[in-house]
Structure formats: structure tokens, C-alpha cells
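I opened the notebook to record what I looked up in this chain. The entries follow in the order in which I made them.

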Amino acid sequence: MIVGVGIDVAEIDRFEEALRRTPAMADRLFLRSELLLPSGERRGTASLAARFAAKEAVAKALGAPAGLLWTDCEVWVEDSGRPRLRVTGTVAAAARERGVRSWHISLSHDAGVASAMVVAEG
């Protein structure tokens, strides 16, 4: 059963400018594991913008309840390259209340836009 679907887009240049203007914003939005590649290098802006879109899409799939913390939703990647979601704290509580048992996620970025689609399944 589908509990909710969320989709979001982020303009990559605009997101990059926001990060440049407010350097602390990255730490409010992302866990350290999301900011860095497995090599330890900083993840590119397009990839971060897609992860931000995914967090927005998760909120939409849950019906946009108040009080969700950005860092309670982590986008991580399997060794195969498949993106996955890990939810904790406020996001996990909202998901439990709505009967979410699993998540499906797709990320993309092209032509200056990053996008994400999330399906919450019960």
C-alpha cells in the first residue's frame, strides 16, 4: 500500500549560492556522511541539491508535518550505486504514525536542476 508520494526539484546554481551565502546551512541540512564521498572528498553541489530535494520529497510523502528535522533523514548509497533513505528521530516518528514500513527513492540532476522522487510504502 502506498502511504504517500513526494517529488521535489532544486535549481543547482541557486542551491550553490545559498550554501555560499550561508556556510552553516550545509550542517543544518546534511549529516557528515551526506556531505562527503566515500573517498573523503566533499560531495558536489548537484549531488547535495538532489539530496536536499529528497528530504523535501520525504516531507511531502509524509504530508508535510511540522517539526521534522533535516538531519533525521539521511540519503545514502549502496555499493551498487542505488540511493536509499535512513530515517530517525522526528522523521521516523512521523513515518511510524502513518504506517510507513519502507521507502523508495530516485535522484537525478541534469540541465541545472536536481530532482528527487520518494514513495512511502506501508
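Is E34 buried or exposed? I found E34 buried, at 0% relative accessibility; buried means under 20% relative accessible area, exposed over 50%, and partly exposed in between, with a 1.4 Å probe and protein chains only.

**Basis.** I am working on a predicted model, in which local features need pLDDT of at least 70, side-chain atom pairs count only at pLDDT 80 or more, and totals for chains, interfaces and linings use all residues. Residues are numbered from 1 along each chain as its sequence is written, and side-chain values use heavy atoms, with hydrogens and water left out.

**Salt bridges.** I searched the whole structure and noted six salt bridges, each being a side-chain nitrogen of Lys or Arg within 4 Å of a carboxyl oxygen of Asp or Glu. I looked up E34 again: E34 forms a salt bridge with K55, and the closest N and O atoms are 3.0 Å apart. This pair links distant parts of the chain, with K55 in helix α4 and E34 in helix α3, 21 residues apart. Helices (H or I, at least four residues) and strands (E, at least two) are DSSP runs, numbered from the N terminus. K55 is buried too, at 3% relative accessibility.

I then checked E17 and R20, whose side chains meet in a salt bridge at 3.3 Å, N to O. E17 and R20 are three residues apart in helix α1, about one helical turn. E17 is partly exposed at 32% relative accessibility, and R20 is exposed at 55%.

R84 and E78 also form a salt bridge, at 2.9 Å from N to O. I have R84 as partly exposed at 27% relative accessibility and E78 as partly exposed at 24%.

**Aromatic pairs.** I noted three aromatic pairs in the structure. Rings of Phe, Tyr and Trp (its six-membered ring) pair if their centres lie within 6.5 Å; planes under 30 degrees apart count as stacked, over 60 as edge-to-face and the rest as tilted. The ring centres of F15 and F30 are 6.3 Å apart and the planes are at 80°, so I entered the pair as edge-to-face. F15 belongs to helix α1 (residues 12-21) and F30 to the loop between α2 (25-29) and α3 (32-35), so the pair ties together parts 15 residues apart in sequence. Both rings belong to buried residues: F15 has a relative accessible area of 7%, and F30 is at 2%. Ring pairs join F15 and F30 with F52 and W70 in a cluster.

**Record annotations.** From UniProt (unreviewed entry) I took "domain: 4'-phosphopantetheinyl transferase", covering residues 4-98. UniProt positions are given in the numbering used here, feature names are shortened, and annotations may be inferred rather than shown by experiment. Over residues 4-98 I read 47% helix and 19% strand, with the end C-alpha atoms 9 Å apart.

Which residues does UniProt list for "binding site"? The unreviewed entry gives D8 and E56. They span 49 residues in sequence, yet no two of their C-alpha atoms are more than 6.3 Å apart, so they gather at one spot. D8 lies in strand β1 and is buried, at 13% relative accessibility.

**Hairpin.** I followed strand β4 (residues 102-110) and strand β5 (residues 113-121), which pair in the antiparallel sense over nine bridges; two strands pair if DSSP finds at least two bridges between them. One bridge partner I looked up is V118 in β5, opposite I105. The two strands form a hairpin with two residues between them, and A111 in the turn has a positive phi of about 50°. A111 is exposed, with a relative accessible area of 76%.

**A second positive phi.** A64 is not a glycine, yet has a positive phi of about 55°. I located A64 in the loop between α4 (45-61) and β2 (73-77), where A64 is exposed with a relative accessible area of 53%.
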